[in-house]
Amino acid sequence: MKRDSRLSSVLHALLHMAERDGPQTSETLAKCLGTNPVVVRRTMGLLRKARIVTSDRGPAGGWRITADLNEVTLRQLHAALGEPAFFAIGNRNETPECLVEQAVNAALDETFIKAEDLLLERFSEITLADLAADFSRRHAAQRKQRTQ
């Protein structure tokens, strides 16, 4: 099963946008992400609906972050993307008649729910500003290392 990497891609794009002045075109963001501009427009459209970004038309147009980086959490972004499933594993049969399979499903379901709750809780604690600060630290360390 293919992984859903949209959250990772969105974070990548938003951090690039935060580092640059002015709007960024779908084409520019697509090059950063190694994807097609149509995919960027489709994904950014979801973020526009969530009021995280806006877009301007015309030759000087593109996508801009309108939300405060300190207030946008990974959980909000996950929700904006339609809350894709965290796990690719699941029950063999959702409504089994077999009592053994019912016991297996109950154990797995409970575990998945607890794991998802933990992930969402942690996603609520991480903001775009946190990621931007981490990027800045890494970038500064890399520059320092290159000059030595």
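**Entry 1: the end of helix α3**

I began where α3 gives way to Arg51, a residue whose phi is positive, near 60 degrees. I note for the record that this is a predicted model, and that each value below was computed from it. Arg51 is not a glycine, although its phi is positive at about 60 degrees, and I placed it in the loop between α3 and β1. Most residues other than glycine have a negative phi. I then looked up how open Arg51 is, and found it exposed, with a relative accessible area of 69%.

**Entry 2: the helix itself**

Going back along α3, I found that the helix takes in residues 37-49, which makes 13 residues, and that it reaches 18 Å from its first C-alpha to its last, close to the 18 Å expected at 1.5 Å a residue. At its start, a side-chain oxygen of Asn36 comes to within 2.8 Å of the backbone nitrogen of Val38.

Which residues of α3 are buried? I listed Val40, Thr43, Met44, Gly45 and Leu47. I also asked what covers the buried residues of α3, and the elements I wrote down include three helices, α1 (6-19), α2 (26-33) and α4 (74-80), together with the strands β1 (53-56) and β2 (62-65).

**Entry 3: His78 and Glu83**

Since α4 had come up as part of the cover over α3, I looked next at His78, which has its place in α4. His78 is buried, with a relative accessible area of 5%. With its neighbours within four places in sequence left aside, I found His78 in contact with Leu7, Glu83, Pro84, Phe86, Leu120 and Phe123.

One of those contacts, Glu83, deserved its own lookup, and I found it in the loop between α4 and α5. Glu83 is a residue other than glycine, yet its phi is positive, near 50 degrees. Is Glu83 buried or exposed? I noted it as exposed, at a relative accessible area of 54%.

**Entry 4: helix α5, Asn105 and Val104**

I moved on to α5, which spans residues 99-125, and looked first at Asn105, which is found in this helix. Asn105 counts as buried, because its relative accessibility is 6% and buried means under 20%. Its side chain reaches the backbone oxygen of Asn93 at 2.8 Å. Apart from neighbours within four places in sequence, the residues in contact with Asn105 are Asn91, Asn93, Glu94 and Pro96, so that Asn93 appears both in this contact list and as the partner of the side chain.

Val104, also found in α5, gave me another picture: it is partly exposed, with a relative accessible area of 41%. With Val100 and Leu108, Val104 forms a nonpolar patch on the surface, and together the three have about 240 Å² of accessible area.

**Entry 5: salt bridges**

How many salt bridges does the count come to? I recorded eight, and looked up several of them in turn. Side chains of opposite charge can pair when their charged atoms come close.

The side chains of Glu101 and Arg92 meet in a salt bridge at 2.9 Å, N to O. I checked the setting of each partner: Glu101 is buried, with a relative accessible area of 10%, whereas Arg92 is exposed, at 74%.

Within α5, Lys114 and Glu110 lie four residues apart, about one turn of the helix, and their side chains meet in a salt bridge at 3.1 Å, N to O. Lys114 counts as exposed at 52% relative accessibility, while Glu110 is partly exposed, with a relative accessible area of 45%.

In α6, which runs over residues 128-147, Arg137 and Asp134 are separated by about one helical turn because they are three residues apart. They form a salt bridge in which the closest N and O atoms are 3.7 Å apart. Arg137 counts as exposed at 52% relative accessibility, and Asp134 is partly exposed, with a relative accessible area of 25%. I closed the entry with the network of salt bridges that links Asp134, Arg137 and Arg138.

Conventions:
Residues are numbered from 1 along each chain as its sequence is written. This is a predicted model: local features need pLDDT of at least 70, side-chain atom pairs count only at pLDDT 80 or more; totals for chains, interfaces and linings use all residues. Side-chain values use heavy atoms; hydrogens and water are left out. Helices (H or I, at least four residues) and strands (E, at least two) are DSSP runs, numbered from the N terminus. The expected span of a helix is 1.5 Å times one less than its number of residues. Buried means under 20% relative accessible area, exposed over 50%, partly exposed in between (1.4 Å probe, protein chains only). Contact means heavy atoms within 4.5 Å. A polar contact is a pair of N or O atoms within 3.5 Å; within protein, one must be able to donate a hydrogen and the other to accept it, and residues adjacent in sequence count only if both atoms are side-chain atoms. Patches are made of residues with over 30% relative accessible area and no salt bridge: like charges are joined within 9 Å, nonpolar side chains (Val, Leu, Ile, Met, Phe, Trp, Tyr) within 5 Å. Accessible areas come from the Shrake-Rupley method with a 1.4 Å probe; for residues, only the protein chains shown count as cover. A salt bridge is a side-chain nitrogen of Lys or Arg within 4 Å of a carboxyl oxygen of Asp or Glu.
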